[in-house]
Amino acid sequence: MNDKQIILTQEGLRKLEDELENLKSVKRREVAERIKVAIGYGDISENSEYEDAKNEQAFIEGRVLTLEKMLRNARIINNDDIDIDIVSIGSIVTVEDMEFGDTMEYSIVGTAEADPLQNKISNESPVGKAILGKKQGTIVEVNVPVGIIQYKILDIKK
């Protein structure tokens with residue numbers, strides 16, 4: 001079974017490594033202490049603190065495994081790899097909504113670090129797919145649930 005390659009920027013790599021380190025060095029200790037305290041309360045069969053701590057421990061261990069797998073399968077996009085002539089992963093793209101005239105700036109990232117609230121959109125999202133590989137000045141059509149939106153690519157930078 002092939003594991004899917006995870007595309008990350010340097011910033012995305014750093015965030016995942018930091019999260020993994022925090023889970024291993026801080027969160028594991030905290031939850032182990034919570035389990036120890038909960039066991040001290042007596043009968044664990046009806047001990048909600050123990051149950052909560054064990055559930056959190058399971059979540060942490062699952063997340064650790066997920067992060068380790070992601071990092072093993074990571075392909076890092078270096079700043080030098082980003083071409084400002086066309087939209088690629090790692091690009092920061094300014095687009096204009098052709099209907100309303102609004103401009104937005106998006107960072108194109110892999111799915112692992114997509115965060116629409118931070119304007120980091122995945123290369124696999126509708127907008128990401130539509131603008132990937134396009135040049136400045138190009139007008140693209142994006143199929144979204146409410147119909148088709150046209151964006152003009154105003155600027156591409158690193």
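## Exercises on helices, strands and salt bridges

At 29% relative accessibility, E56 counts as partly exposed. The model is predicted. Each exercise below gives a task, then a worked solution.

**Exercise 1. Find the salt-bridge partner of E56 and say where both residues lie.**

Solution.
- Step 1: Look for a basic side chain. E56 meets R34 in a salt bridge, at 2.1 Å from N to O.
- Step 2: Place the two residues. R34 is in helix α1 and E56 in helix α2, 22 residues apart, so the pair links distant parts of the chain.
- Step 3: Check exposure. The cut-offs are under 20% for buried and over 50% for exposed. R34 has a relative accessible area of 36%, so this residue is partly exposed.
- Step 4: Look for a network elsewhere. Salt bridges that share partners join E11, K15 and K120 into one network.

**Exercise 2. Determine which parts of the chain the E61 and R28 pair ties together.**

Solution.
- Step 1: Take the distance. The closest N and O atoms of E61 and R28 are 2.8 Å apart, and the two form a salt bridge.
- Step 2: Assign the elements. E61 lies in helix α2 and R28 in helix α1, so the pair ties together parts that are 33 residues apart in sequence.
- Step 3: Compare with the cut-offs. E61, at 29% relative accessibility, is partly exposed. R28 is partly exposed too, with a relative accessible area of 31%.
- Step 4: Set the pair in the full count. The structure holds 9 salt bridges.

**Exercise 3. Test whether the length of helix α2 agrees with its residue count, then describe its start and its buried residues.**

Solution.
- Step 1: Count. Helix α2 covers residues 48-72, which is 25 residues.
- Step 2: Predict the span. At 1.5 Å a residue, α2 should span 36 Å. The rise is multiplied by one less than the number of residues.
- Step 3: Check the ends. The end C-alpha atoms of α2 are 36 Å apart, which agrees.
- Step 4: Go to the start of the helix. There a side-chain oxygen of N47 comes within 3.1 Å of the backbone nitrogen of E49.
- Step 5: List the buried residues. They are Y50, A53, I60, V64, L67 and M70.
- Step 6: Recall helix geometry. An α-helix has 3.6 residues a turn, so residues three or four places apart point the same way.
- Step 7: Name the neighbours. The buried residues of α2 pack against β1 (6-9), α1 (10-40) and β2 (74-77).

**Exercise 4. Work out how β1 is joined to β2 and whether its residues are buried or exposed.**

Solution.
- Step 1: Sort the side chains of β1. I6 and L8 point one way; I7 and T9 point the other way.
- Step 2: Check burial. All four of these residues are buried.
- Step 3: Find the pairing. β1 and β2 run parallel, joined by 4 bridges.
- Step 4: Give one bridge. I7 has R75 in β2 as its partner.

**Exercise 5. Lay out the sheet that holds β5 and β6, and identify its edges.**

Solution.
- Step 1: Write the order. The open sheet has 5 strands, β5-β4-β3-β7-β6, with mixed pairing.
- Step 2: Read off the edges. β5 (120-122) and β6 (139-144) each have a single partner strand, so one side of each is left without a neighbour in the sheet.
- Step 3: Add the twist. On average, neighbouring strands of this sheet are turned by 45° against each other, direction ignored.
- Step 4: Inspect one edge pair. β6 pairs with β7 (residues 147-157) in the antiparallel sense over 6 bridges. N143 stands opposite I148 in β7.

**Exercise 6. Follow the chain through β5: describe N119, S122 and E124.**

Solution.
- Step 1: Start at N119. This residue sits in the loop between β4 (103-109) and β5.
- Step 2: Check its backbone. Most residues other than glycine have a negative phi. N119 has a positive phi near 60°. It is partly exposed at 36% relative accessibility.
- Step 3: Move to S122, in strand β5. At 9% relative accessibility, S122 counts as buried.
- Step 4: List its contacts. Leaving out residues up to four places away in sequence, S122 touches V109, G110, T111, A114 and G128.
- Step 5: Trace its polar contact. The S122 side chain reaches the backbone nitrogen of E124 at 2.8 Å.
- Step 6: Follow the E124 side chain. E124 meets K4 in a salt bridge, at 3.3 Å from N to O. The pair links distant parts of the chain: K4 is in the segment before β1, and E124 is in the loop between β5 and α3 (126-131), 120 residues apart.
- Step 7: Check exposure. At 40% relative accessibility, E124 counts as partly exposed.

Note on methods:
Residues are numbered from 1 along each chain as its sequence is written. This is a predicted model: local features need pLDDT of at least 70, side-chain atom pairs count only at pLDDT 80 or more; totals for chains, interfaces and linings use all residues. Side-chain values use heavy atoms; hydrogens and water are left out. Two strands pair if DSSP finds at least two bridges between them. Helices (H or I, at least four residues) and strands (E, at least two) are DSSP runs, numbered from the N terminus. Axes are lines fitted to C-alpha atoms, for helices over the stretch in contact, and angles run from 0 to 180 degrees between N-to-C directions. Buried means under 20% relative accessible area, exposed over 50%, partly exposed in between (1.4 Å probe, protein chains only). Contact means heavy atoms within 4.5 Å. A polar contact is a pair of N or O atoms within 3.5 Å; within protein, one must be able to donate a hydrogen and the other to accept it, and residues adjacent in sequence count only if both atoms are side-chain atoms. A salt bridge is a side-chain nitrogen of Lys or Arg within 4 Å of a carboxyl oxygen of Asp or Glu.
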